[in-house]
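Please look over the sequence and the model shown here before reading the notes that follow, which are grouped by topic.

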Amino acid sequence: MKTKNSVKVLLPLGLHTPEMKEKIVEMLNGREGMFKGSVKEEKGMKKGMTHEEHLDLAKALLLIDKLINDAGDTIGRSYGYSSRESKATGTLRKKLESLRSMLDTRYHKVTTDEQFLKQGHVYFGERPKTEAGGNNNGYLTR
């Protein structure tokens with residue numbers, strides 16, 4: 001069932017377009033060690049993630065959020081939005097939201113103001129507001 005890029009596992013769910021499959025393959029290629037633990041600096045101490053590692057992980061988590069959301073819609077239409085299965089996808093999204101919030105806090109510790117102005121809240125797909133007005137509390141969303 002698994003291919004070398006683990007994409008075939010998602011295919012039977014029918015949750016993504018060919019463009020989404022291409023994005024998944026692109027993200028998985030060359031990222032075998034992306035989710036492994038950090039290198040130890042001292043006994044019991046982890047070095048944490050770099051700014052660039054946070055950017056890569058944020059892209060992956062945003063994609064996962066979209067897939068879970070699509071799965072929830074498919075399940076909700078098929079079994080009802082108040083079904084146990086549909087509620088389980090909501091629980092997954094809440095857990096993922098909590099994880100992204102925790103990682104966003106750590107992201108800000110390794111990100112300079114200049115980097116933040118370019119990328120914004122990467123774990124939530126938000127970029128800082130540019131000169132093009134709008135009332136979004138200072139942020140443009142995806």
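**Helix 2 and its partner**

Helix 2, taken as a DSSP run (H or I, at least four residues) numbered from the N terminus, covers residues 51-79, and its 29 residues reach 41 Å from first to last C-alpha, close to the expected 42 Å, where the expectation is 1.5 Å times one less than the number of residues. This is a predicted model, in which local features need pLDDT of at least 70 and side-chain atom pairs pLDDT 80 or more, while totals for chains, interfaces and linings use all residues. Residues are numbered from 1 along each chain as its sequence is written, and side-chain values use heavy atoms, without hydrogens and water.

Packing of the helices
- The axes of helix 2 and helix 3 come within 10 Å and cross at roughly 165 degrees, so the two helices are roughly antiparallel (angles over 145 degrees).
- The residues of this contact divide into 12 nonpolar, 7 polar and 5 charged, with Asp, Glu, Lys and Arg counted as charged, Ala, Val, Leu, Ile, Met, Phe, Trp, Tyr, Cys and Pro as nonpolar, and the others, Gly among them, as polar.

Buried residues
- Asp65, placed in helix 2, is buried at 6% relative accessible area (under 20%, with a 1.4 Å probe and protein chains only), and touches Arg93, Leu96 and Arg100 (heavy atoms within 4.5 Å), not counting residues up to four places away in sequence.
- Ser86, found in helix 3 (residues 84-109), is buried at 9% relative accessibility, and, leaving aside neighbours within four places in sequence, its contacts are Gly72, Ile75, Gly76, Gly80 and Tyr81.

After the helix
- Gly80 follows helix 2 and has a positive phi, near 100 degrees.

Definitions and conventions
Buried means under 20% relative accessible area, exposed over 50%, partly exposed in between (1.4 Å probe, protein chains only). Axes are lines fitted to C-alpha atoms, for helices over the stretch in contact, and angles run from 0 to 180 degrees between N-to-C directions. Angles under 35 degrees count as roughly parallel, over 145 as roughly antiparallel, 65 to 115 as roughly perpendicular and the rest as oblique.
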